[in-house]
Amino acid sequence: MAEVNGALGGNARADNERLVFFSDAVVAIALTLLALELPTPHGASDDDVWRAFREHLPDHATFLLSFAVIATFRVAHKWLFGRIGGFSPRLPWLTFSRLSGIILVPFATRVLYATVVGGTGLTLINTVNHCWSRGLLRPDAEPEVTRRLQLFLAFPTVAFLLSIPIAFVSLSGAKYSWAVVFTLTALAARWATHPGARPDRE
């Protein structure tokens with residue numbers, strides 16, 4: 001598939017940049033919708049307002065987790081496209097599939113939440129595999145770095161999917177597992193994006 005890279009040249013970069021810009025716009029909309037879903041505490045006094053706020057702490061914790069999940073997918077997508085030098089007709093559809101999952105995150109709850117996040121992660125992993133197998137990555141994109149990204153994405157994706165049966169038993173247990181998953185994922189991100197894995201362009 002090297003001929004795909006060479007034939008498209010500058011057009012490939014322009015097409016990929018349009019996908020990145022479009023993705024950024026969708027992510028911005030998703031984050032806005034996420035904030036709009038936050039409950040507003042009301043009360044006749046300051047004590048009532050703080051009491052209402054404490055009652056909605058689980059909703060605010062879910063907001064922070066969802067914000068972090070969407071941000072992680074956005075960073076991983078930008079990281080990947082910073083290393084793509086070619087283009088394929090399937091690439092936009094893989095991107096749109098991932099974006100559909102991101103848009104659903106603000107509305108996903110309970111079992112659906114883990115399903116949406118896990119499915120979005122699988123789509124992004126599929127995008128990485130597609131770019132690698134079709135030779136769309138730039139020559140200087142080291143295979144080791146790409147494998148690090150795959151591992152980084154696979155860990156939270158599998159963990160979120162495994163939390164689905166936990167949610168049937170205990171929704172609170174599933175939510176706690178999501179928090180643990182994201183904490184470990186943040187640590188994995190530091191390893192996956194160490195100085196040797198930084199993209200050449202932002």
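In which kind of crossing, left-handed or right-handed, does H4 pass H5? Keep that question in mind while you explore this predicted model.

Begin by selecting helix H5, residues 90-104, whose 15 residues reach 22 Å from the first C-alpha to the last, close to the 21 Å expected at 1.5 Å a residue. Colour the buried residues of H5, which are Leu91, Pro92, Leu94, Thr95, Arg98, Leu99, Gly101 and Ile102.

Next, add helix H4, residues 57-81, and look along the pair: H4 and H5 pack at an angle of about 165°, with their axes 11 Å apart. Because angles over 145 degrees count as roughly antiparallel, H4 is roughly antiparallel to H5. The opening question can now be answered, since H4 passes H5 in a left-handed crossing. To see where the two helices touch, show the side chains of Ile70, Phe73, His77 and Phe81 in H4, which meet Leu91, Thr95, Arg98 and Ile102 in H5.

Now move to Thr127, which lies in helix H6 and is buried, with a relative accessible area of 2%. Apart from neighbours within four places in sequence, Thr127 is in contact with Leu80, Leu91 and Leu94.

Finally, turn to the largest nonpolar core, which has 42 residues, and select those with the most contacts inside it: Ile84, Leu91, Tyr113, Leu149, Leu153 and Phe160. Helices H2, H4, H5, H6, H7 and H8 each supply at least two residues of this core, and the largest share, 9 residues, comes from H4. End on Phe160, which, leaving aside neighbours within four places in sequence, is in contact with Val69, Tyr113, Ala114, Val117, Gly118, Trp178 and Val181.

Conventions
Residues are numbered from 1 along each chain as its sequence is written. This is a predicted model: local features need pLDDT of at least 70, side-chain atom pairs count only at pLDDT 80 or more; totals for chains, interfaces and linings use all residues. Side-chain values use heavy atoms; hydrogens and water are left out. Helices (H or I, at least four residues) and strands (E, at least two) are DSSP runs, numbered from the N terminus. The expected span of a helix is 1.5 Å times one less than its number of residues. Buried means under 20% relative accessible area, exposed over 50%, partly exposed in between (1.4 Å probe, protein chains only). A nonpolar core is a set of buried Ala, Val, Leu, Ile, Met, Phe, Trp, Tyr and Cys residues joined through side-chain atoms within 4.5 Å. Contact means heavy atoms within 4.5 Å. Axes are lines fitted to C-alpha atoms, for helices over the stretch in contact, and angles run from 0 to 180 degrees between N-to-C directions. Angles under 35 degrees count as roughly parallel, over 145 as roughly antiparallel, 65 to 115 as roughly perpendicular and the rest as oblique. A crossing is left-handed if the near helix is turned anticlockwise from the far one by less than a right angle, and right-handed if clockwise.
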